[in-house]
Amino acid sequence: MNLAVDFASILLGGLAAGTVLFIVSVGLSVTMGLMGFVNLAHGAFAMFGGYIIVLAMNRAHFGFPVALALGFLGTAALSVVLEQSLYRRLYRAGELDQVLLTIGLIFIFMAVLTIVFGPQSQPMQLPPELRGQINLGFMQYRTYSVFLIVVGALIVLAIWLAFERTHIGAQIRATVDNRRMAESLGINVDRLFTVTFAFGSGMAALGGGLGAEFLGLDPQYALKYLAYFLIAVSVGGLGSVVGVYYASLLLGTLDFVLKLYMPKGGTIFIYVLTILVLLWRPQGLFGRKSA
Amino acid sequence: MTIEAASLGCATAGLDHPAARVLIVRHQLRWWEALPWFAAAAFYFLFPDYLGFGTSLMIMILFTLSLDLALGYAGIITLGHAAFFGAGAYTVGLLAFHNIWTEPITSLALGALAAAAVGLASGLVLLRTRGLTLLMLTLCTMALLQEGANMAHDYTGGFDGLPSLDIAPVFGVFEFNPLYPDTQYLYTLAILFVCFAFIRTLVYSPFGQSLTGIRENLLRMHAIGAPVRRRLVVCYTISAALAGVAGGLWAQTNAYVNLSALDLDRAATVLIVLILGGYGHLYGAFVGAAAYMTIEHFLARIYPTAWQLGLGLLLLVVALYARNGMLGLSELIWRGYRARRETS
């Protein structure tokens with residue numbers, strides 16, 4: 001019995017971490033799948049949104065849902081401005097220019113946040129109803145982790161439905177599969193991308209805020225977790241929502257277990273696994289071969 | 001007309017072709033190619049107090065040149081070039097720390113060999129992929145080595161690294177440690193010169209030409225039957241070996257090695273330096289490293305955040321407007337100036 005409870009608590013902790021990873025990465029996966037744009041600054045959007053959310057709660061004393069909405073909207077708005085002014089110019093440029101632009105953006109975000117709010121970590125104060133433990137029937141567990149897992153499952157369900165059942169979802173899938181064909185059929189790919197980009201950045205902001213409690217939130221955030229976001233996206237497969245969900249849960253759980261049992265250098269297995277998966281399927285586990 | 005005269009006629013007729021004229025002179029030395037070496041010699045006499053800085057600048061130049069070979073010439077976009085820098089640094093460091101081998105020049109060669117081995121092994125598997133997958137795989141390989149170095153704590157010192165390495169005197173005569181910056185400076189300069197001469201010969205050889213061909217038009221190179229994969233792997237291995245030399249020099253001149261040798265930070269920095277200078281140029285590495293290191297040395301220590309902001313803005317400008325970096329920009333200005341002078 002004790003073993004089962006231990007197992008369940010590790011699994012729940014890992015799933016909670018994986019859920020945050022998914023919420024941040026899903027937008028990156030869709031935008032990269034749509035435009036093939038290597039957006040390394042996606043983590044910077046998550047960081048920016050996290051700052052809005054945490055500061056809205058700590059300084060302006062907004063409620064948790066209001067703060068999340070503010071973070072989502074603020075980051076989405078900023079991302080539209082950046083997309084129209086900077087990203088748009090480099091859609092047809094090489095990966096190298098895209099990498100440079102987005103690394104430059106990361107540096108700017110980091111520097112501006114350091115100048116305005118200082119280099120220290122911003123503490124996340126959870127609302128009282130999400131603190132403490134919840135009774136799951138067979139064991140007690142942290143309320144917030146359970147909350148995260150439920151929210152993540154709802155989000156993946158909602159996005160999946162939007163992808164599979166709505167008109168815009170069908171347009172996105174068509175464009176990921178074959179952009180030229182989609183354009184020929186009259187889909188306005190540029191506008192589609194702007195909308196998706198804004199939504200993905202907003203999701204990243206939610207992830208930044210929801211994960212701030214255990215990932216921390218300081219100006220280094222955008223670089224510190226960049227490799228994890230990219231691994232989740234490339235292992236899951238570009239443009240695949242479900243793929244990123246599975247990859248994130250797997251990565252989160254693996255990371256959680258390894259940090260617990262092999263605190264020194266255990267993450268080496270994550271990199272080995274990523275390399276093996278990508279050599280086996282360069283397009284990711286759930287990605288389709290590009291045309 | 002005899003056959004010789006006919007073929008001579010053909011040859012001279014061919015020589016008049018603009019393409020032929022370019023091909024004939026492109027590998028010849030130009031007068032300004034001596035400038036960096038004059039500058040290096042002048043630096044030695046003018047700034048004896050900054051020889052340590054000069055040494056690290058030259059190491060950065062060598063590291064950037066190695067990336068230029070892979071990225072600028074062969075078009076292999078990598079985010080993990082510090083893997084080879086670290087492999088070279090740790091080879092030299094481990095040999096010296098455990099008192100196995102401390103002779104500087106041969107340990108550099110061993111460092112290059114180790115880095116080349118890593119480059120060959122990873123290149124054979126990674127270079128099948130392209131684009132984002134390749135970026136991720138190079139990044140993961142570097143992270144793998146870093147975690148490996150962290151885990152092998154008993155040999156590599158883990159997070160603390162290997163401090164106070166003992167390096168034997170150069171040629172058994174010249175004491176080699178940070179207390180003798182002039183020895184280190186001249187030693188590094190000599191190594192850089194040898195490596196540069198090698199790289200320059202390589203990029204103007206038929207092999208280097210085929211690398212450019214692969215970068216410019218992969219399909220066509222496949223179509224004319226060039227062994228694309230093998231060329232890329234060989235180039236990646238050579239580039240890795242040169243990065244290993246840079247890493248070895250870094251370990252020797254600092255007399256320590258730590259995990260920062262394998263950092264994403266280092267890999268991103270060398271990429272930025274190369275892009276700022278201009279890639280696919282050879283001399284972009286010199287310009288970029290000199291500009292970056294000078295600003296970093298004199299400004300970044302005092303205003304680190306402003307430096308980060310400025311660097312970010314600079315990268316935006318380079319990505320949007322100056323695809324070929326500072327060297328490309330100056331070339332553009334020079335051409336514009338010449339065109340205006342000719343018309344007036």
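In this predicted model, the elements of chain A, read from the N terminus, follow the order α-α-α-α-β-β-α-α-α-α-α-α-α-α, and the secondary structure of the chain thus amounts to 12 helices and 2 strands.

The overall dimensions of chain A were examined next. Its C-alpha trace extends over about 60 × 45 × 40 Å along the principal axes. The radius of gyration of chain A is 19 Å, which agrees with the value near 19 Å that a compact globule would have with 291 residues. Of the 291 residues in chain A, 50% are buried, that is, have 20 or more other C-beta atoms within 10 Å of their own. When contacts in chain A between residues at least 6 apart in sequence are considered, 76% of them are found to join residues at least 24 apart.

Chain A is also in contact with a second chain, with 35 residues of chain A meeting 32 residues of chain B. On the side of chain B that touches chain A, the elements that give two or more residues are helix H7 (131-151), helix H13 (264-277) and helix H15 (304-320) of chain B. Of these, H7(B) gives the most, contributing 15 residues to the side of chain B that touches chain A. Sorted by class, the residues on this side of chain B comprise 21 nonpolar, 9 polar and 2 charged residues. The contact between the chains is described here by residue counts, with 32 residues on chain B and 35 on chain A, although the size of an interface is often given as the accessible area lost when the parts come together.

Terms used:
Residues numbered from 1 in each chain as written. Chains lettered and ligands numbered in written order. Predicted model: local features only at pLDDT ≥ 70, side-chain atom pairs only at ≥ 80, totals over all residues. Helix = DSSP H or I, 4+ residues; strand = E, 2+ residues; numbered from the N terminus. Rg over C-alpha atoms; globule rule 2.2 N^0.38 Å. Buried ≥ 20, exposed ≤ 12 C-beta atoms within 10 Å, placed from the backbone. Contact = placed C-beta atoms within 7 Å. Nonpolar A, V, L, I, M, F, W, Y, C, P; charged D, E, K, R; others polar.
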